[in-house]
Amino acid sequence: MSMSVPTLPRRRMSLLAAGALTGVLVAAIAGPAFVAQAADDSGAPRNVINVNGTGTVHIKPDVADLSVGVQVQRDRAGDASADAANQMDAVIKALKAQGIADDDIQTTTLSLDPVYDYDSSPAVLTGYSATNIVSVTIRDLATVGAVIDAAVEAGANNVGGLSFRKDDT
């Protein structure tokens, strides 16, 4: 005894599969939205105000920040480091002579790096570069130019990053 199972035409089967897949996708996407709405629906009126804005404040600065440093290149690492330290001591003395307080001078960079001649193959070590940079806060804006001049005259060969701001204190 053989049993035959009725078969649907191929086109009709494809349409049924596409419809079922569409129904599953709609339920997966829309279902969470209905659940979230039902869970949030407490019956109490919700008063919500959303505000977005942008504000700009213009203030007169009362301090300046400046980076001042020395960079020295010598044949030996110890010589480069010692010479950079001596040069920076002179720069710091000049800054203090301009009225900059100890607390307004902070070391930000201290480095010693090898220097190579890459024109040779292989590269040849030619010396060492020592760098010492301090951040300076200048509280009297009328002296910014004089402070920079004094630092350069004392041996600073790296000056930059001048910016103005309102002090927080």
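The exercises below, each with a worked solution, concern a predicted model of one protein chain.

**Exercise 1. Describe the overall layout of the protein.**

Solution. Begin with the secondary structure: the protein has 3 helices and 4 strands. Along the sequence these follow the order α-β-α-β-β-α-β. Next, take burial: 21% of the 169 residues count as buried. Then look at the contacts with a separation of 6 or more, of which 71% are between residues 24 or more positions apart. Finally, the surface: about 12,500 Å² is exposed, and carbon and sulfur atoms supply 55% of that area.

**Exercise 2. Identify the largest nonpolar core and the elements that contribute to it.**

Solution. The largest nonpolar core comprises 20 residues. Those with the most contacts inside it are Val-68, Val-91, Leu-95, Ile-100, Val-134, Val-136 and Ile-138. Two or more residues come from each of β1 (63-74), α2 (77-97), β3 and α3 (144-153). Val-68 can serve as an example: beyond its neighbours within four places in sequence, its contacts include Met-88, Val-91, Val-134, Val-136 and Ala-151.

**Exercise 3. Trace the network of salt bridges that includes Arg-139.**

Solution. The whole structure contains 7 salt bridges. The network links Asp-65, Asp-104, Arg-139, Arg-165 and Asp-167.

Step one is the pair Asp-65 and Arg-165, whose closest N and O atoms are 2.5 Å apart. Asp-65 belongs to strand β1 and Arg-165 to strand β4 (residues 158-165), so this bridge ties together parts 100 residues apart in sequence. Asp-65 counts as buried because its relative accessibility is 15%, whereas Arg-165, at 29%, counts as partly exposed.

Step two is the salt bridge between the side chains of Arg-139 and Asp-104, at 3.0 Å from N to O. Arg-139 sits in the loop between β3 and α3, and Asp-104 in the loop between α2 and β2, so the pair ties together parts 35 residues apart in sequence. Asp-104 is buried, with a relative accessible area of 10%.

Step three is the salt bridge of Arg-139 with Asp-167, also listed at 3.0 Å from N to O. Asp-167 lies in the segment after β4, so here the parts tied together are 28 residues apart in sequence. Arg-139 is partly exposed at 43%, and Asp-167 is buried at 18%.

**Exercise 4. Decide whether Ser-129 is buried or exposed, and find the polar partner of its side chain.**

Solution. Ser-129 lies in strand β3. The cut-off for buried is under 20% relative accessible area; Ser-129 has 8% and therefore counts as buried. Its side chain makes a polar contact of 3.0 Å with the side chain of Gln-71. Apart from neighbours within four places in sequence, Ser-129 also contacts residues including Val-72, Leu-112, Asp-113 and Val-115.

**Exercise 5. Locate the cis peptide bond and the nonpolar surface patch.**

Solution. Most peptide bonds are trans. The bond joining Ser-121 and Pro-122 is cis, with omega about 0 degrees. Pro-122 is in the loop between β2 (105-117) and β3. For the patch, Tyr-116, Tyr-118 and Leu-125 make a nonpolar surface of about 350 Å². Leu-125 is part of strand β3 (residues 124-138) and, at 40% relative accessibility, counts as partly exposed.

**Exercise 6. Find what Ile-148 touches beyond its sequence neighbours.**

Solution. Ile-148 is in helix α3 and is partly exposed, with a relative accessible area of 22%. Leaving out residues up to four places away in sequence, Ile-148 touches Leu-66 and Val-159. Ile-148 and Val-159 are 11 residues apart in sequence, and their C-alpha atoms are 7.7 Å apart.

Methods:
Residues numbered from 1 in each chain as written. Predicted model: local features only at pLDDT ≥ 70, side-chain atom pairs only at ≥ 80, totals over all residues. Heavy atoms only, no water. Patch = residues over 30% accessible without salt bridge, like charges linked within 9 Å, V, L, I, M, F, W, Y side chains within 5 Å. Areas by Shrake-Rupley, 256 points an atom, 1.4 Å probe, with all protein chains shown as cover. Salt bridge = Lys/Arg side-chain N within 4 Å of Asp/Glu carboxyl O. Buried < 20%, exposed > 50% of the residue type's maximum accessible area, 1.4 Å probe, protein only. Core = buried A, V, L, I, M, F, W, Y, C linked by side-chain atoms within 4.5 Å. Contact = heavy atoms within 4.5 Å. Polar contact = N/O pair within 3.5 Å; in protein donor to acceptor, adjacent residues only side chain to side chain.
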